[in-house]
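Let's walk through this fold together, one step at a time. Keep the picture in view as you read.

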Amino acid sequence: MHAAWFADEIAAEVAPLLPGFRVEVVAEIDSTNTELMRRARQGITAPVLLVAERQTAGRGRLGRPWESAQQTSQPASLTFSLGLPLAPKDWSGLSLAVGLSVAESLDPTSAANVRLKWPNDLWMDDRKLVGILIETAVPQGDAAQRYAVIGIGVNLGAREPDGLRTPPAWVHEWRPNATPGELLRDLVPPLVATVQAFAERGFAPFAERFTSRDALRGREVQLSDGTSGRCEGVGWGGELRVHTAAGMQTITSSEVSVRPVRAPT
Ligand code: BTN
């Protein structure tokens with residue numbers, strides 16, 4: 001393995017929040033999300049962080065593939081999934097809270113202009129820096145609690161835009177020496193705390209901070225269902241509010257994709 005992953009340090013910091021938590025680093029796997037979902041279907045639902053130096057079949061939202069940047073001497077992407085049992089009253093807004101936590105850890109002062117693109121991408125200057133894929137499994141015999149798999153892919157090193165729907169941004173643009181292990185150590189403890197706070201109190205306590213980093217608010221947007229209008233930001237439940245010719249529409253389904261129609265003025 002190439003990198004120092006600080007696995008023991010991360011495990012020690014998170015275990016008090018999440019008893020039984022383990023960190024696992026593998027050189028190669030098809031997809032960290034696929035693996036944790038496979039395990040959940042087999043009844044393995046302990047809290048775990050699974051980090052892969054390389055994914056051979058990374059998955060994105062809406063059934064799309066997630067291609068990591070080409071390998072160099074260091075992994076050029078950070079790819080991991082956090083799996084944990086979770087029982088929030090309402091799941092809506094989880095992906096937004098997760099994105100917010102990652103954005104605040106990567107760019108605490110907003111100096112790099114890391115912004116949140118509903119429902120859960122991180123963008124810099126309309127280029128994609130981070131993708132998030134959240135999936136859940138229902139463990140056998142326990143319908144009240146689900147096993148959440150929160151998969152995160154961060155572009156670390158420079159990459160070509162070829163084949164990507166949105167041109168890429170990468171962390172080395174403003175932190176040229178950051179290693180994947182250092183980023184993991186920055187991201188994971190606040191992420192676990194955020195997910196637990198979400199499970200207790202929902203999205204509302206995060207809404208104002210999301211708004212301050214919202215990449216779409218105030219812009220003309222086009223939805224994949226053909227609607228367009230002016231984005232008015234997110235509501236207390238994490239729903240996207242778009243002012244269209246037919247009035248205010250609220251979008252809750254992450255199966256609808258949304259894009260700005262032009263750069264901000
Ligand atoms: C998207 O942008 O559509 C979501 C991308 C999510 C990628 C991460 S990488 C780690 C985890 N494993 C996967 O197969 N996908 C997620």
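Which strands does helix 4 lie across? Helix 4 (residues 180-201) lies across strand 2 (48-52), strand 3 and strand 7, and runs at about 25° to strand 3. Here helices (H or I, at least four residues) and strands (E, at least two) are DSSP runs, numbered from the N terminus. Angles run from 0 to 180 degrees between N-to-C directions, and axes are lines fitted to C-alpha atoms, for helices over the stretch in contact.

This is a predicted model: local features need pLDDT of at least 70, side-chain atom pairs count only at pLDDT 80 or more, and totals for chains, interfaces and linings use all residues. Residues are numbered from 1 along each chain as its sequence is written, and side-chain values use heavy atoms, leaving out hydrogens and water.

Now the sheet. It is open, with 7 strands in the order 1-2-3-7-6-5-4 and mixed pairing; two strands pair if DSSP finds at least two bridges between them. Strand 1 (22-26) and strand 4 (114-117) each have a single partner strand, so one side of each is left without a neighbour in the sheet. Strand 6 (residues 127-137) pairs with strand 7 (residues 146-155) in the antiparallel sense over 8 bridges. One partnership to find is Ile134 with Ile150 in strand 7.

Finally, look at helix 1 (residues 7-14), which packs against helix 4 at an angle of about 20°, with their axes 10 Å apart. The two helices are therefore roughly parallel to each other (angles under 35 degrees count as roughly parallel, over 145 as roughly antiparallel, 65 to 115 as roughly perpendicular and the rest as oblique). In their contact (heavy atoms within 4.5 Å), Glu9, Ile10, Glu13 and Val14 of helix 1 meet Leu184, Arg185, Val188, Pro189 and Val192 of helix 4.
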